[in-house]
Amino acid sequence: MFSWANDSKKKDPELLQTVSDGLRRLYRTKLFPLEDAYRFHDFHSPALEDADFDNKPMVLLVGQYSTGKTTFIRHLMEQDFPGMRIGPEPTTDSFIAVMHGDQEGLVPGNALVVDPKKPFRKLNAFGNAFLNRFVCAQMPNPVLESISIIDTPGILSGEKQRISRGYDFAAVLEWFAERVDRIILLFDAHKLDISDEFSEVIRALKNHEDKMRVVLNKADQIGTQQLMRVYGALMWSLGKIVNTPEVIRVYIGSFWAQPLLVAENRKLFEAEEQDLFRDIQGLPRNAALRKLNDLIKRARLAKVHAYIISSLKKEMPNMFGKENKKKELIANLGEIYLKIEKEHQISPGDFPKLAKMQEILAGQDFTKFNTMKPKLLEAVEDMLANDIAKLMTLVRQEEAAMPSQSVQGGAFEGTMNGPFGHGYGEGAGEGIDELEWVVGEGQTTYDEIFYTLSPVNGKVSGAMAKKEMVKSKLPNTVLGKIWKLADVDQDGFLDDDEFALANHLIKVKLEGHELPADLPEHLVPPSKRGL
């Protein structure tokens, strides 16, 4: 079936050069034989190919029409991409994979699914109705050198629109969800209604909540009070659909390069945008770990699937009554789940959806199922218990060798350096561009307090300084860090300049800013700059 299915079993991941090589080899030699024996690919997910292990991190954008998905991509790249259409009506009617290429152009879906270098070959199973609505927009862009972005059709409301697509929209999104690194759900601050199709899509993304983030877009078009109500309504709506105890991270802002209509929440939007950018910039660094995690989830599901199929085979009669027994087993599949769960100590969350499994089993020939093959299961158990642990060492090495913010270019460059960087000139950064020492502005007040502490030889001891510093009510851990930063000459005492600096840092912390790890040059007292 696959050219590599009978590869020689070289299996020392610690000798491999990359995590991708290790995962590919483990999959080929240990997990794929189990999947193939029990028809895993007919029930759950197509077999993985080389491109699935080698591809760049992918970001999937999902949302109802006119929530700003395409504009969001345009904002990230600061460049139009082939096939892009933006408007208030449902404009994007295709899945568009925006990827890096030397030449700008579009590659149609039917050509994409035969390209072994692209991770889309298995999408062929969704047929021409989907492939005619799937294209790859290739272009040279620095952002796309690190990540790829998948734009999706706007989700509509109503049964008619859902049926008229001609393909299973939710199933396609589920296929992408298994393979992408981040799923971003976009909502319009003016249209929070979640349609039936959108609800179905979000439920199809179940088991991928760890990849999901939510963007509340166009938030600059409403005031603060209304924004709070919209945010609360969004969280309530998501809570009804995403059945997890954890709250999904929601980013609030206006993700396009236009003036803010209501600018009163500008600082909030800037902070939220930076948080989202940091999350996206961390994807390449965490890509190996994500692939490892996805392979583990796949292996756990494959094990459970093997137990289910072998149990069904075991219950089938040898001669007569096969069809009736098949119907009986499908109807009682829930009881088989419980039996397997207790017998093999498997978590209920590892089992596939009951209704979907029953639907697929109805079209299967149970007589062709395989009985239990312990060696195949043992190989997967060994992979999970030993090989994965060895690969983790390589994962950490790759992460350490990669910068924390490895996505460059586009909107990511605009706020990294200079006066328009988030938080520039605020908190510990205040006075960074000024010629005068910024602490000096309040030194008269600080000096008055300093001389009430009875300094000796122009300095106060730690015990005397502590009496004044604890009045801030900050925790000792924070005050200890402030003392360490303020004691520039590290003599265990504070002179008037250092005491003023300590009070300035206390003010910074009380205003809600973080303390720097090291004292910035502009905060070093002028009398200490030669040390």
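Begin by selecting F120, F176, L185, F187 and L216, which are the residues with the most contacts inside the largest nonpolar core, a set of 49 residues. As you look, keep in mind that this is a predicted model. Now add helix α8, residues 169-179, to the selection, since the largest share of this core, 6 residues, comes from that helix.

Stay with L185 for a moment and show its neighbours. Leaving aside residues up to four places away in sequence, L185 touches V62, F198, I202, L205, M212, R213, V214 and V215. Apart from this core lies another one, of 46 residues, and to find it you can select F43, M357, L361 and F369, which are among its members.

**The whole protein**

Zoom out next, so that the entire chain is in view. The protein has 21 helices and 10 strands, and its C-alpha atoms fill a box of roughly 105 × 50 × 45 Å when this is taken along the principal axes. Of the 531 residues in the protein, 48% are buried. If you count the contacts with a separation of 6 or more, 78% of them are accounted for by residues 24 or more positions apart.

**A crossing of two helices**

Select helix α14 (residues 333-344) together with helix α15 (residues 354-361), whose axes come within 10 Å and cross at roughly 115°. Turn the view until you can follow how α14 passes α15, which is in a right-handed crossing. To see the contact itself, show the side chains of L333, G334 and Y337 on α14, and those of L354, M357, Q358 and L361 on α15. Sorted by class, this contact of α14 with α15 has 5 nonpolar and 2 polar residues, and no charged ones. Two of the residues shown here, M357 and L361, are also among those of the 46-residue core visited earlier.

**A buried residue in a loop**

Move on to I222, which is found in the loop between β7 (212-217) and α10 (224-241). Is I222 buried or exposed? It counts as buried, because its relative accessibility is 3%, and the cut-off for buried is under 20%. Select V262 as well: although I222 and V262 are 40 residues apart along the chain, their C-alpha atoms are separated by 6.5 Å. Not counting residues up to four places away in sequence, I222 touches A189, H190, L227, V230, V262 and N265.

**The two sides of helix α19**

Now select helix α19, residues 462-469, and colour its buried residues, which are A465, E468 and M469. These residues cover an arc of only 95° around the axis, and therefore they lie on the same side of α19. An α-helix has 3.6 residues a turn, so residues three or four places apart point the same way. On the other side of α19 you will find A463 and K467, which are exposed. If you then show what the buried residues of α19 pack against, you should display α18 (443-452), β9 (459-461), α20 (476-486), β10 (493-495) and α21 (496-510).

**Two loop residues with positive phi**

Finish with N457, in the loop between α18 and β9, and with Q490, in the loop between α20 and β10. Phi of N457 is near 55°, a positive value in a residue other than glycine, and phi of Q490 is likewise near 55°. N457 is exposed, with a relative accessible area of 76%, while Q490 is exposed with a relative accessible area of 69%.

Technical notes. Residues numbered from 1 in each chain as written. Predicted model: local features only at pLDDT ≥ 70, side-chain atom pairs only at ≥ 80, totals over all residues. Heavy atoms only, no water. Axes fitted to C-alpha atoms, helices over the stretch in contact; angles between N-to-C directions. Helix = DSSP H or I, 4+ residues; strand = E, 2+ residues; numbered from the N terminus. Left-handed = near helix turned anticlockwise from the far one by under 90°. Contact = heavy atoms within 4.5 Å. Nonpolar A, V, L, I, M, F, W, Y, C, P; charged D, E, K, R; others polar. Core = buried A, V, L, I, M, F, W, Y, C linked by side-chain atoms within 4.5 Å. Buried < 20%, exposed > 50% of the residue type's maximum accessible area, 1.4 Å probe, protein only. Arc of directions from axis to C-beta.
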